[in-house]
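I opened this one to see how its helices sit together and which residues look odd. These are my notes, in the order I looked things up.

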Amino acid sequence: MFLVNGSPSDFISLTDRSFQYGDGCFTTMLTRHGTIQYWSYHRDRMNACLDLLQIPHPDWQQVEQWLDRVVRSDHRAGIKLHISRGEGGRGYSPTQVDSPNVTISDFIYPPHYEQWLEQGLSLGICTTRLGHNPLLAGHKHNNRLEQVLLKAEMDGAHLPDGIALDIDDHVIETTMANVFWLRGNQLCTPDLSKSGVSGVMRRVILEWAKANGIAIEVGNFALTDVLDADEVFITNSILGVAPVNQIGEKTFAIGTITKRIQEMVNS
């Protein structure tokens with residue numbers, strides 16, 4: 001099902017500013033038996049991006065009612081919530097636009113994710129580099145052209161995903177997920193203050209690690225730091241936590257802490 005401002009539709013105006021300028025934000029949510037997982041976290045991240053873009057918050061109570069109409073009853077499925085600034089205006093100025101468009105769509109759980117969760121997946125190493133944009137870093141705004149190019153590169157290499165580095169050669173994320181690794185008992189993940197997307201599942205993992213007394217390092221890391229790790233895994237809201245069994249030529253075992261985090265998130 002597709003909803004536009006609560007009405008069934010799969011069309012949006014050509015004057016919508018998301019189409020024209022990527023002016024808005026979105027989040028993709030896992031559902032289990034008709035319930036959205038970590039809904040409050042997704043709402044938080046949407047509000048943070050809307051505030052940055054100076055787009056009014058929607059009536060969240062109404063949005064929740066719309067989501068309830070779309071959500072599948074499957075064991076696992078997904079919903080995408082997308083908000084644009086709205087329609088109209090001439091040029092970049094947003095001053096003539098004050099009525100955001102809210103679109104909602106559902107989708108089935110990707111069947112290959114089950115295999116990745118159990119067996120892990122292999123990552124390539126992207127040659128395309130992420131630029132720096134501290135103003136928008138961390139937010140899932142509607143302009144995802146860098147990720148499109150990164151994913152196209154991995155598609156060309158016949159790989160499901162790849163490690164993405166920035167213009168300073170720091171590891172940032174993968175084409176579709178946040179990345180974590182273990183060195184001994186220390187959990188590491190990249191700093192996302194200059195580029196990348198800070199996912200809801202990343203927040204869940206960091207909060208879990210802190211609550212369980214696991215040492216955390218968020219910082220600037222080179223690719224060699226990841227390749228020297230004992231365990232590597234990736235996270236996003238739909239996938240959950242998937243172990244990485246290979247990056248380039250380097251192989252990894254599925255480690256005990258990765259399995260422990262999987263049990264917490266994926267069960």
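Definition for my helix checks: the expected span of a helix is 1.5 Å times one less than its number of residues. Helices (H or I, at least four residues) and strands (E, at least two) are DSSP runs, numbered from the N terminus.

Before going on, I noted that this is a predicted model, where local features need pLDDT of at least 70, side-chain atom pairs count only at pLDDT 80 or more, and totals for chains, interfaces and linings use all residues. Residues are numbered from 1 along each chain as its sequence is written, and side-chain values use heavy atoms, with hydrogens and water left out.

**Entry: helix H6**

I tried the span rule on H6 (residues 200-211). Its twelve residues should cover 16 Å at 1.5 Å a residue, and the end C-alpha atoms are 17 Å apart, which agrees.

Next I asked which residues of H6 are buried. I found Val 200, Met 201, Arg 202, Val 204, Ile 205, Leu 206, Trp 208 and Ala 209. Buried here means under 20% relative accessible area, exposed means over 50%, and partly exposed is in between (1.4 Å probe, protein chains only). Just after H6, Gly 213 has a positive phi of about 70 degrees.

**Entry: helix H2**

I ran the length check again on H2. For its 15 residues I expected 21 Å at 1.5 Å a residue, and the end C-alpha atoms are 21 Å apart, which agrees.

The buried list for H2 reads Trp 39, Tyr 41, His 42, Arg 45, Met 46, Asn 47, Cys 49, Leu 50 and Leu 53. I reminded myself that an α-helix has 3.6 residues a turn, so residues three or four places apart point the same way.

What do the buried residues of H2 pack against? I noted strand E3 (24-32), strand E4 (35-36), helix H3 (60-70), strand E5 (77-84) and H6. Contact means heavy atoms within 4.5 Å. Right after H2 comes Gln 54, with a positive phi of about 60 degrees.

**Entry: H2 against H6**

Two packed helices are described by the angle between their axes and the distance between the axes. Axes are lines fitted to C-alpha atoms, for helices over the stretch in contact, and angles run from 0 to 180 degrees between N-to-C directions.

At what angle do the axes of H2 and H6 cross? I read roughly 120 degrees, with the axes coming within 10 Å. That makes H2 oblique to H6. The cut-offs: under 35 degrees is roughly parallel, over 145 roughly antiparallel, 65 to 115 roughly perpendicular, and the rest oblique.

H2 passes H6 in a right-handed crossing. A crossing is right-handed if the near helix is turned clockwise from the far one by less than a right angle, and left-handed if anticlockwise.

On the H2 side I listed Tyr 41, His 42, Asp 44 and Arg 45, which meet Val 200, Arg 203, Val 204 and Glu 207 of H6. This contact splits into three nonpolar, one polar and four charged residues. For the classes, Ala, Val, Leu, Ile, Met, Phe, Trp, Tyr, Cys and Pro count as nonpolar, Asp, Glu, Lys and Arg as charged, and the others, Gly among them, as polar.

**Entry: H2 against H3**

Here the packing angle is about 130 degrees and the axes are 13 Å apart. H2 and H3 are therefore oblique to each other, and their crossing is right-handed.

From H2, Trp 39, Arg 43, Met 46, Asn 47 and Leu 50 meet Trp 60, Val 63, Glu 64 and Leu 67 of H3. By class I noted six nonpolar, one polar and two charged residues in this contact.

**Entry: positive phi in loops**

Most residues other than glycine have a negative phi, and most peptide bonds are trans. Against that, I looked at Asn 5, whose phi is positive, near 50 degrees. Asn 5 sits in the loop between strand E1 (2-4) and strand E2 (7-8), and counts as partly exposed at 33% relative accessibility.

Tyr 38 also went on my list, with a positive phi near 60 degrees. Tyr 38 is in the loop between E4 and H2, and is partly exposed at 30% relative accessibility.

**Entry: two strand residues**

Is Leu 187, in strand E11 (residues 186-190), buried or exposed? Leu 187 is buried, at 1% relative accessible area. Leaving out residues up to four places away in sequence, its contacts include Ile 205 and Ala 209.

Thr 127 lies in strand E7 (residues 121-130), and is exposed, with a relative accessible area of 62%. Its C-alpha is 8.3 Å from that of Leu 150, 23 residues away in sequence.
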